[in-house]
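Open the model in your viewer and switch on the side chains. We will take a short walk through its charged pairs, one selection at a time.

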Amino acid sequence: MALAATLHVVNVAAWLSWCLLLLHALLPHRDAGLRDGNAKMLFLALQALMALEVCAITFSRKCSVGNFLQTGLGVFICLFRVSTALLVVPLLENEWLQKALLAGWALSDTVRYAALVGKGVASLQRLRRAASTVLFPLVALAELGAAGLVLETSSERTRHFLMAQMCVTLLGVPVGSFLFLRAASKKST
């Protein structure tokens, strides 16, 4: 019982934090997005929480191909968000794309944590599945575009890493989109 209550508090705190980051990305002001130090630290803390969640889910699941793919997807989403935030955003001159990345990440996780906080609310679960199905490929394509824009200004080592990340993203978008579509159609019937 105490574990469930603690998990609920963590989910509420994460939901509120993602809501703050979403507002930060959408409101017009200087240093919006992850160029703001406080927003960057909050984002990295939330990504650390996501990494812990992926680990906990991985160890609680049965071994299957579907669970392996979902776990891999979670790991790569977390890794690519962090690497984009640390390696791409500082070099990204297009402020709107930088804000769109943060807004996409924040909207996706705001909806996800709202569904986790309101587990018994069927409409929140449907909203989460619909948002994931739509936002996953859009945000991944925005990450690809942003990485492509900074390749020339990146160091050689960073460029190689980003090129590998871009290849994995290109291969992973259809797989992830399929998993999200399958989950949305399976649970809504």
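**A tour of the salt bridges**

Begin by selecting Asp-109 and Arg-81: they form a salt bridge, with the closest N and O atoms 2.7 Å apart. Now colour the helices. Asp-109 sits in helix α4 and Arg-81 in helix α3 (residues 65–88), so this pair ties together parts that are 28 residues apart in sequence. Bear in mind as you look around that this is a predicted model.

Are these two side chains buried or exposed? Both Asp-109 and Arg-81 are buried.

Keep Asp-109 selected and add Arg-112. Here is another salt bridge, its closest N and O atoms lying 3.2 Å apart. This time the partners share an element: Asp-109 and Arg-112 are both in helix α4, three residues apart, or about one turn of the helix. Arg-112 is buried, just as Asp-109 is.

Next, stay on Arg-112 and bring in Glu-53. The two form a salt bridge whose closest N and O atoms are 3.1 Å apart. Distant parts of the chain are linked here, with Glu-53 in helix α2 (residues 37–60) and Arg-112 in helix α4 (residues 95–117), 59 residues apart. Glu-53 is buried, and Arg-112 is too.

How many salt bridges does a search of the whole structure find? It finds three.

For the last stop, return to Asp-109 and Arg-112, whose closest N and O atoms are 3.2 Å apart in their salt bridge. Then show Glu-53, Arg-81, Asp-109 and Arg-112 together: salt bridges with shared partners join these residues into one network.

Definitions and conventions: Residues numbered from 1 in each chain as written. Predicted model: local features only at pLDDT ≥ 70, side-chain atom pairs only at ≥ 80, totals over all residues. Heavy atoms only, no water. Salt bridge = Lys/Arg side-chain N within 4 Å of Asp/Glu carboxyl O. Helix = DSSP H or I, 4+ residues; strand = E, 2+ residues; numbered from the N terminus. Buried < 20%, exposed > 50% of the residue type's maximum accessible area, 1.4 Å probe, protein only.
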